[in-house]
Structures are given as C-alpha cells and as structure tokens.
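Colleague: Got a minute to walk me through this model? I'd like to start with a sheet and then talk cavities.

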Amino acid sequence: MIEISNQTARRFVLGRQGLYPGRRWRGRQGVVSAMTAGEALQLDPLSIGARSQDIILHSRVLDYKPEYLYEAAYDRRQFFDYGGWLAMYPMQELPYWRYHMEQRERDSYVSYFVKGHKDVMEFVRAELHRRGPLRNRDFEGKRPELQSYRGRTDTSIAMYDMWLCGELMIHHREGFDRVYDFRENITPRELDRVASAEEAEEFFARKAVAWLGLKRESRMRSELQEYMRRDYSPAEATSLLEKWKEAGKLTQVQVEGRRETYLILSEDLPALELLAQGKVPKEWRPKDTTTLEEVTLLSPLDVVSARGRAKLLFDFEYKWEVYTPVHLRRWGYYVLPILYGDDLVARLDSRLDRESGTLNILGFWLEEDAPQDADFADALARGLKRFADMMGARRVDLGALKPVKLRRHLTALLK
C-alpha cells in the first residue's frame, strides 16, 4: 500500500481533473480532451449567466465558449448525455453503457409504466419514425395517473423511459430541452453494440475510480451495483477488487490522517509519485497562467468539491444552496468555490445582468486563513476577468465585495 500526504492527495485529485496547476487545454479540441480526461460532465439547466457544465469546462479550457460543448456532442457526435444523474460521456463508451441501459428495462419504475402504457410507447415510436427527432412539447400527451419527475405527460415519460433503456438518444438540445431520436440514427455504426457483462464490469470499476481520482475502497461495491444494476455480496465485490489489484489495474492508497483506504488507477502511479516529490507531471503543465497566478472559479457541481469532497480534501465547508430556502441559506443562491494554488480559499456569489452586460458580485467570503496580499488580489482579478469574459459581461460590479481594501484593489485592476 502507498501512503501519501493530504496535500499530495489534493493536488492529485485536482490534477486528474485538469484543474492543477492550471488550464492545460485550449479551444474546441481542448473541450474534447477535458471532457474525456474528466470521465463525466454533469449537466444542469440552471444558469446565472452560464450553466454549471460551462463553468466546469471554463475552469479547465482556455478560450472556452459555451457553444463548443453542443458542437462536440451533437454536431460531431463525440459525446452522449445519459442517466437520471444527467451527464455527458465519450461516445466511445457507448457499448458499455448499452449493457447498463439494457438492465434498466428491469427497473420497477420503468417496467411499471411500460407494461401499462404499451399503446403510448407505440404511438411515440410511430411519430418519431414519421416526423423525425421530437421534443416533449411536440406531443400533446395526457396527464399521467401518478406525478413523475420524468415528465408531465404520458408521452414525455414514455420517451424518458425509452431513453433510459437505450432505445432513444438525445439528438440535440434546444436551449436545454431534449430532442429525441432513435439510437441507430445517432450512434456511429461501429459503436452500436452491447459489451459483455465481464467487459462492462471491468469498465465501470475503472470509471468509478478514474472519475474521482481517489476512490474510497468501501464504496466500490455500491458503485458496481449501480452501474451493473445487480446485487453483489460483500465477498463477491472483495474478490473482484483483489483480482483487479493483482492484475495491476488498481492500486491501494492510504492518505495521512484517514482510516479508510482508497483506490487509484495503477496507470496514475507515476503522476502520484511525482506530486509526492513536489513536482508536476510534464503533461499537466498549463498553457497559460497557473492557479497561483489566476484563481479558478469552480462550478457548484464540480466533482472535486461537490457532495462533501470540499470538506474532505480542502477542509472547506461547501453546500450548493440553490434549493435551500432563502432564510436558511448561509452563503447565497449560486455560490462558487474559488481555487487558489491547490486550495479552496473563498466563495463568490454572482449573477449576470444580461441587459446591462454586468456581472454583479452579490457576495464574497474569504476563509479565515486565506491570503489577502497583492498577489492574491491580482490572481483574483485575473480570474474574475476571464470568468466575466466567458459569460459575455462587459463590466464587473464589485459593490458587495468585502473587505474594502481588496475591493479597491480589484476595482483598479478591472477597469
């Protein structure tokens, strides 16, 4: 077993996701590289001027523009979006996901609707054949007997279920609205196949570890069950993990101060060892500024800080409060963590006023031990300028930013 410091763990997780020591990809091709390296890009419809997925890519890709994402996914068919936990994945992975999709047909909440609404399913199929790609709103539909998060009408639920099971895919999006079509009309022919159970099992084990960089070993059984849609006994899951370790695919890691063990991909060991020596892998070197020269604003759904990882990795309290009642919010509606160097040092709440082209800073909170010197102020100004440019803002209103000395410094830099 390999033992590493918490700082090495932090830098490894950040670097594995393309966030440390700075942006290493650029432009349209950089979006493809960043999404592939990141393993999964979670999608969300809410926007403060840019959606979560755009903020994620902006934090990793120089010269990023929001249209690059849809171009890669729907024009060039390099990615597909899928799942109740909605994310984009490389199209090359589709054969493994098709195994997962076929298992979804057995889910009770899918089979319940399908069995009782076969006429609706056939109607949807006939309309798609006749009219081509369609949205939910292209059908009148009927209100379902029971309310469902999958759709407000029986036809929208039918399409959602057909999508979960792989019969349909997302042809493109209009705004954030799904436009469905048959899988065979979208998928490259050489990828339209179903992987074997053994192939899918090994693929999803790798993906569970690669996506997080450091994966809690105790969570692997539940991850496999979710991906494969089957139950594993503790002994069965342990046996599989030991097999993959012995085959040199996974390596066990211990992080200082933590009792539990973690897994990394064995192919990532060279990078981990360099970081432990205080070095940076050559392929991680940034194309422009480092995170010490320019802060990075992270999406609320960024894998490195969402779902409790901010506390574990950075000792940084963070909760996305967008669904928290106003009177219970500690910070704000759409607060973004701020990465400086290899640490989370502040939070920022902002919103774009499209009419005036102003990015309004609604709140800013520094950690107690956060730097407040000129170097940090300069880095913060650069990060805010790049963020505002990505959203098309012409100016930044710093009126709500404190402390005052920092606001004055930023105001001078952002003129």
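Modeller: Sure. There's an open sheet of four strands in the order β1-β10-β11-β9, with mixed pairing. Strands are DSSP runs of E, at least two residues, and helices are H or I runs of at least four, numbered from the N terminus; two strands pair if DSSP finds at least two bridges between them. This is a predicted model, so local features need pLDDT of at least 70 and side-chain atom pairs pLDDT 80 or more, while totals for chains, interfaces and linings use all residues. Residues are numbered from 1 along each chain, and side-chain values use heavy atoms, leaving out hydrogens and water.

Colleague: Which are the edge strands?

Modeller: β1 (2-4) and β9 (215-216), each pairing on one side only.

Colleague: And how many bridges join β9 to β11?

Modeller: Two, and those strands run antiparallel. Arg 216 has Tyr 262 in β11 as its bridge partner.

Colleague: Switching to cavities: how many are there of 30 Å³ or more?

Modeller: Two. A cavity is a set of points on a 1 Å grid over the protein atoms alone where a 1.4 Å probe fits but cannot get out, and lining residues have an atom within 4 Å of a point. Points are joined across faces, edges and corners, and volume is the space filled by probe spheres set on them.

Colleague: What's the volume of the largest cavity?

Modeller: About 120 Å³. Its lining has 16 residues, with Gln 17, Ala 40, Leu 41, Gln 42 and Ile 56 nearest the centre.

Colleague: Which element gives the most to that lining?

Modeller: α2, with three residues.

Key: 1 Å grid on protein atoms, 1.4 Å probe; cavity = no way out; pocket = protein on both sides within 12 Å on 5 of 7 lines; lining within 4 Å.
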